[in-house]
Amino acid sequence: MSTPSLDSLPIRRLTLRDLTACADLSEDRGWPREEHKWGLLLAAGKGYGIEDPAGGLVAACVVTEYGPHGRPSLAAVGMVLVAGRHARRGVGRRLMRHIVAVTGTTPLTLHATESGRPLYEELGFKTIGRAEMLRGHFVPPGVLPEVTTRAATAEDLPAILRLDEEVFGADRTHIVTRLPAFADRLRVAEADGRLTGYASAWPNMDTHVVGPLIARDTETAKALIASLAAHTERPLRTDIDVRHGKLLDWAKEHGLESVAFNAVMAYGITELPGDGSRRFAPVTVAAG
């Protein structure tokens, strides 16, 4: 029996039943398996993939839509992976063209590595910013920022959702409401009885990823990071918008080291919605 060509293999929707296959694909490309993150993305977003007749997946990616249900105002593309045995055969290009087609007029955003950026540029994505990935054991400062932080409670959820939509620029209730179960820590910052920021730390392999990180200013962002670090012995990892240079410098002074840079890219818009001055780090680069 002849082996079907890659071009003839259908692109199908992925579900949580494909979680192990997605993790296997990550591992195939030298990435961590990240099953916890894949679980969130497949539950809250739309997975797309190409099944390999020989077993496993040829390729996969996830699209997370934000805004009104059925009428998204923004979609984030992430976890674009092609199995090593099928690399450099146009599979990633075909998958991304499919994503652009099925999302229609919905603007798209993604974080691209240096190696992945040429493909996205070929498809019409433009670089609109950069994020710097940091990782390391956080060393507490001698003097903590004078900002009140505490563990979030169920009663905080409506205020968190309002703040998040205001800063992010689109409704992402389906992500935020999953944070209490997805993250190990969810903390809020307050001033004069009002919520001024929030952040979570979620487990990813041997680290705790800080994200999302939304704060009214740099001091509030520092306080949230310090408060999350105080409750874990794992290294922290986060992806900070490079426009927040003061926070990046502070984090590096306290044990975190630069690992990589990603280009923030967009299709159909020239800048992200919301308030970039208060948006410090994404939930994950795969979901914005």
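This is a short walk through three spots in the structure: a pair of helices, a lysine on a strand, and one more helix further along. Keep in mind that we're looking at a predicted model.

Okay, let's start with tryptophan 38. You'll find it in helix α2, which covers residues 35–44. Is Trp38 buried or exposed? It's buried, with a relative accessible area of 0%. And what does it touch, once we skip residues up to four places away in sequence? The list is Leu19, Cys22, Ala23, Ser26, Arg33, Ala60, Val62, Met79 and Leu81. Take Ser26 from that list: it sits 12 residues from Trp38 in sequence, and the two C-alphas are 9.9 Å apart.

Some of those partners belong to helix α1, so let's look at how the two helices meet. Two packed helices are described by the angle between their axes and the distance between the axes. Here, α1 is residues 19–28, and its axis comes within 10 Å of the α2 axis, crossing at roughly 130°. That makes α1 and α2 oblique to each other, and their crossing is right-handed. As for who meets whom, α1 brings Leu19, Cys22, Ala23 and Ser26, while α2 brings Glu35, Trp38, Gly39 and Leu42. Sorted by class, that contact has 5 nonpolar residues, 2 polar and 1 charged.

Next, lysine 46, over in strand β2, residues 46–51. This lysine is partly exposed, at 29% relative accessible area. Leaving out neighbours within four places in sequence, Lys46 is in contact with Arg13, Leu41, Cys61, Val62, Val63 and Glu65. Val62 should ring a bell, since Trp38 touches it too. Also, threonine 15 is 31 residues from Lys46 along the sequence, yet C-alpha to C-alpha they're 7.9 Å apart in space.

Last stop is helix α9, residues 245–253. Which of its residues are buried? Those are Leu247, Leu248, Trp250 and Ala251. If you look down the axis of α9, these buried residues fall within an arc of 165°, so they line one face of the helix. Swing round to the other side and you get Lys246 and Glu253, both exposed.

So what covers that buried set? The cover includes strands and a helix from several parts of the chain: β6 (126–136), β10 (207–215), α8 (218–229), β11 (236–241) and β13 (279–281). And one backbone detail before I stop: just after α9, glycine 255 takes a positive phi of about 105°.

How values were computed. Residues numbered from 1 in each chain as written. Predicted model: local features only at pLDDT ≥ 70, side-chain atom pairs only at ≥ 80, totals over all residues. Heavy atoms only, no water. Buried < 20%, exposed > 50% of the residue type's maximum accessible area, 1.4 Å probe, protein only. Helix = DSSP H or I, 4+ residues; strand = E, 2+ residues; numbered from the N terminus. Arc of directions from axis to C-beta. Contact = heavy atoms within 4.5 Å. Axes fitted to C-alpha atoms, helices over the stretch in contact; angles between N-to-C directions. Parallel < 35°, antiparallel > 145°, perpendicular 65-115°, else oblique. Left-handed = near helix turned anticlockwise from the far one by under 90°. Nonpolar A, V, L, I, M, F, W, Y, C, P; charged D, E, K, R; others polar.
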